[in-house]
Structure formats: C-alpha cells, structure tokens
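User: Please take a close look at the interior of this chain and explain it to a first-year student. Which residues form it, and which strands and loops should be considered alongside it?

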Amino acid sequence: MLEVNFSEFFKGKNIIYFKTLDSTQSYALELISKNKPNDKTAILTYNQSKGRGQLGAKWLSEPGENICLSVVVYPKYLNSDQQFLLSQMSALAVFKFIKEFTQADVKIKWPNDILVNEQKIAGILINNTLQGAKITSTVVGIGVNINQSVFADELPNAISLSALEGRKFDLKEMVISLYESFELFYEMLTSGNHQQIQSMYLNHLFGLNQRRSFTLANSTVIEGVIRGVQQDGRLIVEMSGAFKTFDIRELKTNL
Ligand code: BTN
C-alpha cells in the first residue's frame, strides 16, 4: 500500500492519494476509529481492489480508469433521523459534477445512484457513526466511472463519462471538480439549507411522477408511480391507488 500525497496538486485540499487500496471506504472508516482526520479529508485511489457497494454488494472499477473517493465529515449538527440529508447532499454533489461534463440527461436514482440516459455512471455509499441521537462522523464513498470503456457482464447498465462523450478525461482534474462540488453541497448542509437540498433532490429524481416497474424484496415485480421521498429517506410510491413507502432493502426501481 503505497501512499503518495498529492496535496500540492490538489490545491491544498485535504486529499490523500493511494496508488492502490482495497477500499477507500474501509480505509477512511479505519482512519476515523484511530486518529480523527480533519473534516473533509478525502481518501482517493484509481485502483481499488475490494470496492464496497450498497447493501453489501461489490463495487467493480477497472484499475486506473475511474475515481474511487471517500470523504470524511463530522455532521454533529444533524440528528440521526436526518441521515438522509447526507445522502441527498452527496447525490446532488455528484449530479452537479457529472452535469458539468455532459449535455445528456442526468438523474438521481433513489436513494443515491447517478444515472445518465438511464445508465449508472456513479454510486454512493454512506456510512454514518451515531452517538445517541447525533451523527458523529460520516464517510461518503463515491465511485464514478470516468474512462472505463468495457464493463463486466454483471453490470449491463453501467456507463462511463468517456463512453458517453467519446473522449478521455484527466482523472486528477476530475477529482478536483468532484471534490469542489462536494464542498459546495456540504456547505449547503452545514449552513442549514435543508429545504433547498430536499427540493433540488426531488427536482432531479429519476422516475418522479412516472409509471415505472419496481422489484420488491421477495422478487415480485410491480408497477407504480414515484410520488416523493420522506424525510427519513423512504420512497413514496403510488401503487393501485394507495401511497406506500419503502426503504432501500424493500424495493428497487427497475431500469
Ligand atoms: C453503490 O452504488 O453500490 C455504491 C458504490 C460506492 C463505491 C465507492 S468507490 C469509493 C468508495 N470505496 C468503496 O469501497 N466504495 C465506495
């Protein structure tokens, strides 16, 4: 595990670069438990061998092609029932970052995948540490497909910025943009602009007010219309005339 600090290149930003790492998320979580890194410290690699995805899934990323970044923050001003704001804020940060590089249709798929033309370009994994009713630390893990051209068979709906735009991107420059977008939306959260975050999230939500197909935890496929998201993060779906709410383990929006 070779650590190279690119802090100068990253314009004084707190970004710690590793040539390879099993998982930036695992590294960041370990760092918090040992010696609390500064707020907004980011762990970065382009070569992640054991990437972690949502609900225990793997995150696959071709070596040297994509960004794997985990940012440590201390949102002590949030209560544990406000955790979803971190998800929304992070999704908006990645959404804005992607938007800067494409004219294509970018959407946030609940809870926090980023889609371009209905294909997944980025995923976000959030790990919160709670103490009583407060959130003491959070690691926001962001995986963005930048230059990857071929995806494994198990990822039929994945796309990269390069595949979309037909050119390669400079990863270091992209990291700076992504980090700056994160800073912007994190600032929105710290300054208490919760309503703005919630309404922006809804504005860009994939499938809002559209008839879509969903898969339930028992594998049943069902149709419904997304009507919104509760503050606790549960998705509101209208099904056969009734409003039902779901958490991430209970329902998946099909592409
Ligand atoms: C998902 O869509 O399932 C979330 C994927 C999150 C992947 C990122 S890559 C950087 C960070 N390190 C990890 O091991 N996972 C997250």
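Analyst: The account below begins with the chain as a whole, turns to its interior, and then considers individual strands and loops.

The model is predicted, so local features are described only at pLDDT of at least 70 and side-chain atom pairs only at pLDDT 80 or more, whereas totals for chains, interfaces and linings use all residues. Residues are numbered from 1 along each chain as its sequence is written, and side-chain values use heavy atoms, with hydrogens and water left out.

The chain contains five helices and 15 strands; helices (H or I, at least four residues) and strands (E, at least two) are DSSP runs, numbered from the N terminus. Of its 255 residues, 49% are buried. Here buried means under 20% relative accessible area, exposed means over 50%, and partly exposed lies in between, with a 1.4 Å probe and only protein chains considered. Among contacts between residues at least 6 apart in sequence, 62% join residues at least 24 apart; a contact requires heavy atoms within 4.5 Å.

A nonpolar core is a set of buried Ala, Val, Leu, Ile, Met, Phe, Trp, Tyr and Cys residues joined through side-chain atoms within 4.5 Å. The largest such core has 62 residues, and I67, I98 and I114 have the most contacts inside it. At least three of its residues come from each of domain 1 (2-203) and domain 2 (211-253), the bounds being taken from an automatic or database domain assignment. A second core, of eleven residues, lies apart from the largest one and includes I16, F18, Y27 and Y74.

I114 deserves particular attention. Leaving aside residues up to four places away in sequence, I114 touches A91, V94, F95, I98, V106, K107, I108, Q119, K120, I121 and A122. The loop between β7 (106-109) and β8 (113-116) holds P111, and the peptide bond from W110 to P111 is cis, with omega near 0°. The next loop to consider, between β8 and β9 (119-131), contains N117. Although N117 is not a glycine, its phi is positive, near 45°. N117 counts as partly exposed because its relative accessibility is 42%.

I16 and F18 of the second core also belong to strand β2 (residues 15-18), where they point one way while I15 and Y17 point the other, all four being buried. Strand β2 pairs with β3 (residues 41-45) in the parallel sense over four bridges; strands count as paired if DSSP finds at least two bridges between them. Within this pairing, I16 has I43 of β3 as its bridge partner.

Strand β13 (residues 235-239) provides a further covered element, with four of its five residues buried. On one side of the sequence, β12 (residues 221-229) runs antiparallel to β13 and is joined to it by four bridges, V225 standing opposite E238. Five residues lie between these two strands in their hairpin, where G233 has a positive phi near 95°. Strand β13 also pairs with β14 (residues 242-246), in the antiparallel sense over five bridges. M239 has A242 of β14 as its bridge partner. This hairpin has two residues between its strands, and S240 takes a positive phi near 45°.
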